[in-house]
Each structure stands twice: as structure tokens, then as C-alpha cells.
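Work through the exercises below with the model open beside you. Each task is followed by a stepwise solution.

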Amino acid sequence: MNDATRSRCNVTSRLIGSHLTLNYEHYIVANDLSVSIPDKKFTVIIGPNACGKSTLLKALCRVVKPQRGKILLDGKDIQKTPTKMLACQLGLLPQQTLVPENITVAELVARGRYPHQTLLQQWSQADQQAVMQAMRQTGIELLADCYVDELSGGQRQRVWIAMVLAQQTPIIFLDEPTTWLDISHQIELLDLFMQLNLENKQTVITVLHDINQACRYANHLIVMQAGKIVTQGKPQEIITSELIFNVFGVSCIIISDPVSNTPLVIPRGRYHIPMKSLSPLD
């Protein structure tokens with residue numbers, strides 16, 4: 001990470017990865033990787049396929065154990081933190097989920113409350129309220145009594161997200177959360193994640209493939225390539241046509257998004273139409 005990037009990232013961080021070596025099965029995807037996740041920010045990790053985005057996200061929430069290095073939460077090694085205690089701080093929506101048989105939507109969402117329960121108090125009014133709120137936020141209240149395995153892919157995705165929201169953790173991880181969703185529900189959920197960040201001050205970390213959605217919603221971007229962090233910071237400060245070409249191999253121009261005033265990547269393509277009316281940012 002260069003000095004300019006460090007200066008942009010001089011912010012408070014509860015979650016830090018230090019000198020990480022990360023592997024997927026027997027393949028090393030990152031070596032000596034260090035990262036600090038800005039607290040109370042909406043962080044999006046972008047980069048080409050197989051660059052280590054999801055592996056880094058999984059390591060930060062203890063799904064993947066680093067071969068070397070440490071992940072620290074409030075200065076403590078998450079590998080040594082009791083699972084239930086960690087689950088009160090970190091919530092995760094994985095890329096692939098396995099639906100238990102014969103479970104209803106409400107029952108699955110309720111599983112998000114497990115970390116908050118004790119032997120003396122298995123279920124409370126606060127648990128019920130958290131489940132109902134999560135289902136309202138994701139628009140699945142009317143599906144509460146339906147069996148999850150009978151739902152469409154998009155509906156299932158919203159049920160899993162509701163379970164994570166019901167967990168009510170200060171830090172939320174989402175690995176490609178818009179998969180299986182149409183554009184309408186993609187925007188609804190990204191709006192929801194932004195709301196959680198801005199209004200609830202929850203730290204949100206997600207992996208997205210859509211660069212323009214990442215630029216519109218993130219207030220902190222991490223750009224990865226071949227297991228390394230190329231740069232990070234506010235989209236307006238780091239997204240350039242040179243960066244997109246160097247990382248993704250795509251020739252483009254960058255204009256201002258007319259809705260959000262964030263960088264909008266316009267690929268040139270092989271048979272591009274001249275865009276004389278557009279004003280590039282770089």
C-alpha cells in the first residue's frame with residue numbers, strides 16, 4: 001500500500017488483518033496482506049475473479065483461517081475468541097448457503113438470534129422484535145410461514161439476509177449479496193445496507209462485482225488484484241480509467257453518475273459508439 005493510500009485510510013478501525021497468508025484449498029491466494037477495515041463505514045471489495053476478494057472477506061470473519069498472520073478485533077485475535085461472543089459482533093451472509101429441510105422463513109430468520117440467547121433465557125420479546133424488524137426490512141413478512149426450500153432464489157437470498165440482520169451485529173459481512181436478485185431487489189438491498197451504515201452506524205463489508213454499484217454505495221472501496229490490495233479509499237478519490245484498465249484490463253471513460261455524483265465507469269468495448277456528449281472525469 002503506498003503512502004497516499006495510507007493517508008486516505010487514516011481512520012479508526014476495530015477490525016485489522018496483519019501480514020496475512022490466505023489460501024483456497026491448496027492454492028495461495030494472498031501473501032503478506034495487511035488491511036484495516038474502517039469502522040462505521042460501508043466498505044466494498046472489488047477486483048477481478050479469483051483475486052482473493054471472497055477469501056479475504058471470509059478470513060476477516062473467521063470462516064477461513066489464515067496460514068500466517070492474525071485478524072484482530074478490538075486488539076484481540078478472533079481465532080481465540082469464543083464463537084458465540086464473536087457472533088454477537090460479526091454477522092455473515094456467505095456466498096453459498098444450505099437450506100435446512102422443512103424450515104419456515106420465520107424459523108430460519110430466528111436462528112440469527114442464537115448468539116444473544118442463554119441457557120436461562122432462550123427466547124425474549126427483544127428476539128421476536130428483531131426477527132419481525134428484519135423481515136420487514138427485507139420485505140418478506142408475508143412469507144413468514146412459507147417453507148424456505150419452496151421459495152425462488154431471490155426470495156431465499158432475502159431470507160438469509162434477514163437472518164443476518166436479526167443477528168443485530170455492529171459489523172456485517174456480505175459475500176456477493178445481490179446474487180440471484182433482479183435489479184429492483186438489488187437496489188432495495190443496497191439501499192438497506194447503506195441505511196444500516198448511515199443511520200445505525202453499522203460497519204458493512206461486502207464483495208460486489210458491479211463496479212458502478214460499488215462506487216455509488218460504498219464510502220470506502222478496496223480494490224484487489226492477484227491477492228494484493230492495489231488501492232483503497234473513497235470512490236471519488238481512487239477510481240480512474242487507468243486503474244480500471246490496469247486492474248480489469250478494460251478500456252473505459254469515467255463520468256459523473258448523474259444520480260449520485262459518484263464515478264460511473266463506461267466501458268468502451270470493441271464496437272463502442274463515440275460519446276462526444278459525455279464529459280470524462282479523468
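## Exercise 1: Two loop residues with unusual phi

Task: classify Gln-168 by its accessibility, then place it and check its backbone.

Solution.
- Step 1. Gln-168 has 39% relative accessibility, so it counts as partly exposed. The cut-offs are: buried under 20% relative accessible area, exposed over 50%, partly exposed in between (1.4 Å probe, protein chains only).
- Step 2. Gln-168 sits in the loop between H6 and strand S7 (171-175). Helices (H or I, at least four residues) and strands (E, at least two) are DSSP runs, numbered from the N terminus.
- Step 3. The phi of Gln-168 is positive, near 50°, and the residue is not a glycine. Most residues other than glycine have a negative phi.

The model is predicted: local features need pLDDT of at least 70, side-chain atom pairs count only at pLDDT 80 or more, and totals for chains, interfaces and linings use all residues. Residues are numbered from 1 along each chain as its sequence is written, and side-chain values use heavy atoms, with hydrogens and water left out.

Task: repeat the analysis for Asp-74.

Solution.
- Step 1. Asp-74 belongs to the loop between strand S4 (68-73) and strand S5 (76-77).
- Step 2. Its relative accessible area is 46%, so Asp-74 is partly exposed.
- Step 3. Asp-74 is not a glycine, yet its phi is positive, about 55°.

## Exercise 2: The chain as a whole

Task: judge the overall dimensions of the protein chain against the globule rule.

Solution.
- Step 1. Take the rule: 2.2 Å times the number of residues to the power 0.38, with the radius of gyration taken over C-alpha atoms.
- Step 2. For 282 residues, a compact globule would have a radius near 19 Å. The protein chain has 20 Å, which agrees.
- Step 3. Add the extents. The C-alpha trace spans about 65 × 40 × 35 Å along its principal axes.
- Step 4. Count the elements: the protein chain has 10 helices and 12 strands.

Task: describe burial, contacts and charge in the protein chain.

Solution.
- Step 1. Of the 282 residues, 48% are buried.
- Step 2. Contact means heavy atoms within 4.5 Å. Among contacts with a separation of 6 or more, 65% join residues 24 or more positions apart.
- Step 3. Count the charges: 26 positive and 24 negative side chains. Lys and Arg count as positive, Asp and Glu as negative; His and the chain ends are not counted. The centres of the two sets lie 8 Å apart, with each charge placed at NZ of Lys, CZ of Arg, CG of Asp or CD of Glu.

## Exercise 3: The nonpolar cores

Task: which residues have the most contacts inside the largest nonpolar core?

Solution.
- Step 1. Define the set: buried Ala, Val, Leu, Ile, Met, Phe, Trp, Tyr and Cys residues joined through side-chain atoms within 4.5 Å.
- Step 2. The largest core holds 51 residues, and Val-105, Val-109, Phe-193 and Leu-221 have the most contacts inside it.
- Step 3. Helix H6 (residues 153-166) gives this core its largest share, 8 residues.
- Step 4. Another core, of 27 residues, lies apart from it; Ala-30, Leu-33, Ile-37 and Cys-51 are among its members.
- Step 5. Look around Leu-221. Beyond four places away in sequence, its contacts include Val-44, Ile-46, Thr-231, Pro-235 and Ile-238.

## Exercise 4: Buried positions

Task: how many residues of helix H2 (residues 53-60) are buried?

Solution.
- Step 1. H2 is mostly covered, with 7 of its 8 residues buried.
- Step 2. They are Lys-53, Ser-54, Thr-55, Leu-56, Leu-57, Ala-59 and Leu-60.
- Step 3. Arg-62 follows H2 and has a positive phi, near 70°.
- Step 4. Arg-62 also touches Thr-81, as does Leu-86, not counting residues up to four places away in sequence.
- Step 5. Thr-81 lies in the loop between S5 and helix H3 (83-87). Its relative accessible area is 17%, so Thr-81 is buried.

Task: is Gln-213 buried or exposed?

Solution.
- Step 1. Gln-213 lies in helix H8 (residues 211-217).
- Step 2. Its relative accessible area is 8%, so Gln-213 is buried.
- Step 3. Not counting residues up to four places away in sequence, Gln-213 touches Ile-183, Gln-186, Ile-187, Leu-190 and Leu-208.
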